[in-house]
Amino acid sequence: MADIRSMEALRALYREPLEKSVRKQLTRLDAHCRRFISLAPFMVMSSADADGRADASPRGGDPGFVKVLDERTVLIPDAPGNNRLDSLQNLIGRPGVGLLFMIPGVDETLRINGRATLRTDAALIDLCANERRRPPLVIAVEVQEAYLHCAKALMRSKLWDPTAKQERSVLPSMGQMLKDQAGLAGEAESNEAMRARYQADL
């Protein structure tokens, strides 16, 4: 088995991309991108630390929780999490970021690549505030690349197909898994107790 260490060796394994696959990449958000973001209740944000160690963080909210400020800027409100601040720390030292937006029931996704800045401007926070919370900061992403991604991955995974849904019982509770992984003492928190505890931060 040989490692692939050059672009020539890599490209030899694949056909050239179709013209539409190349031309679909935009440098701004058009009407279709804006509409997609307005309907998306979930996204994954990727970042990397100063040493290049990658991280991917799920982000969720009501559809359209990510706000489009203009054709080159989106605002992501920071909601309560585990307070590790992995992504935020990464973006301070290395502002490159990748976003993947998903809409339940839609197999296509929207990808945005750009540069992020952590902002505490009152006006920007006001745009991202809702009846539940006012975020401590927003992640302002300058759009450098935006494109709609084809449906193949979600079709293969059957992500939205009810027949592919797993019962939560196929895994131990999150509390049990954390207890095992971290060697925590005491009784493991049940999924029901965890969900009740999370309600205040949703």
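Let's start with strands 1 and 2: they pair in the antiparallel sense, with seven bridges between them, and strand 2 covers residues 54-60. Do keep in mind as I go that this is a predicted model. To give you one rung of that ladder, Met 45 has Ser 57 in strand 2 as its bridge partner. The two strands form a hairpin with five residues between them, and in that hairpin Gly 52 takes a positive phi near 85°.

Now let's walk along this stretch, beginning with Ser 47. This serine belongs to strand 1, which spans residues 42-48. Is Ser 47 buried or exposed? Its relative accessible area is 6%, and the cut-off for buried is under 20%, so Ser 47 counts as buried. What does its side chain reach? There is a polar contact of 3.0 Å between the side chains of Ser 47 and Asn 90. If we leave aside residues up to four places away in sequence, Ser 47 touches Arg 53, Ala 54 and Asp 55, and also Ser 87, Asn 90, Leu 91 and Gly 96.

Moving on to the loop, Asp 49 sits between strand 1 and strand 2. With a relative accessible area of 14%, Asp 49 is buried too, because that value also falls under 20%. Its side chain makes a polar contact of 2.7 Å with the side chain of Arg 53. Again setting aside residues up to four places away in sequence, Asp 49 touches Asn 90 and Arg 94. So that you can place Asn 90 on your screens: helix 4 runs over 86-93, and Asn 90 is a contact of Ser 47 as well as of Asp 49.

Ala 50 is in that loop between strand 1 and strand 2 as well. Here the accessibility reads otherwise: Ala 50 has a relative accessible area of 67%, so it is exposed, the cut-off being over 50%. Where does Ala 50 come up against a distant part of the sequence? Gly 93 is 43 residues away along the chain, yet the two C-alpha atoms are 5.9 Å apart in space.

Next, please look at the loop before helix 4. Two residues there caught my eye for their backbone angles. Asn 83 lies in the loop between strand 4 (73-77) and helix 4. It has a positive phi of about 65° although it is not a glycine. Asn 83 is exposed, because its relative accessible area of 64% is over 50%. Leu 85 is likewise placed in the loop between strand 4 and helix 4. Its phi is near 60°, a positive value in a residue other than glycine. At 43% relative accessibility, Leu 85 counts as partly exposed.

Let me zoom out to the whole chain. How many helices and strands are there? The chain has eight helices and seven strands. Along the principal axes, its C-alpha atoms fill a box of roughly 55 × 50 × 40 Å. Of the 202 residues, 28% are buried. The chain exposes about 13800 Å², and carbon and sulfur atoms supply 53% of that area.

On contacts, consider those between residues at least 6 apart in sequence: 62% of them join residues at least 24 apart. And on charge, there are 29 positive and 27 negative side chains, with the centres of the two sets 3 Å apart.

That's my tour, and I'm happy to take questions!

How values were computed:
Residues numbered from 1 in each chain as written. Predicted model: local features only at pLDDT ≥ 70, side-chain atom pairs only at ≥ 80, totals over all residues. Heavy atoms only, no water. Helix = DSSP H or I, 4+ residues; strand = E, 2+ residues; numbered from the N terminus. Buried < 20%, exposed > 50% of the residue type's maximum accessible area, 1.4 Å probe, protein only. Polar contact = N/O pair within 3.5 Å; in protein donor to acceptor, adjacent residues only side chain to side chain. Contact = heavy atoms within 4.5 Å. Areas by Shrake-Rupley, 256 points an atom, 1.4 Å probe, with all protein chains shown as cover. Lys, Arg positive; Asp, Glu negative; His and termini not counted. Charge placed at Lys NZ, Arg CZ, Asp CG, Glu CD. Pairing = 2+ DSSP bridges.
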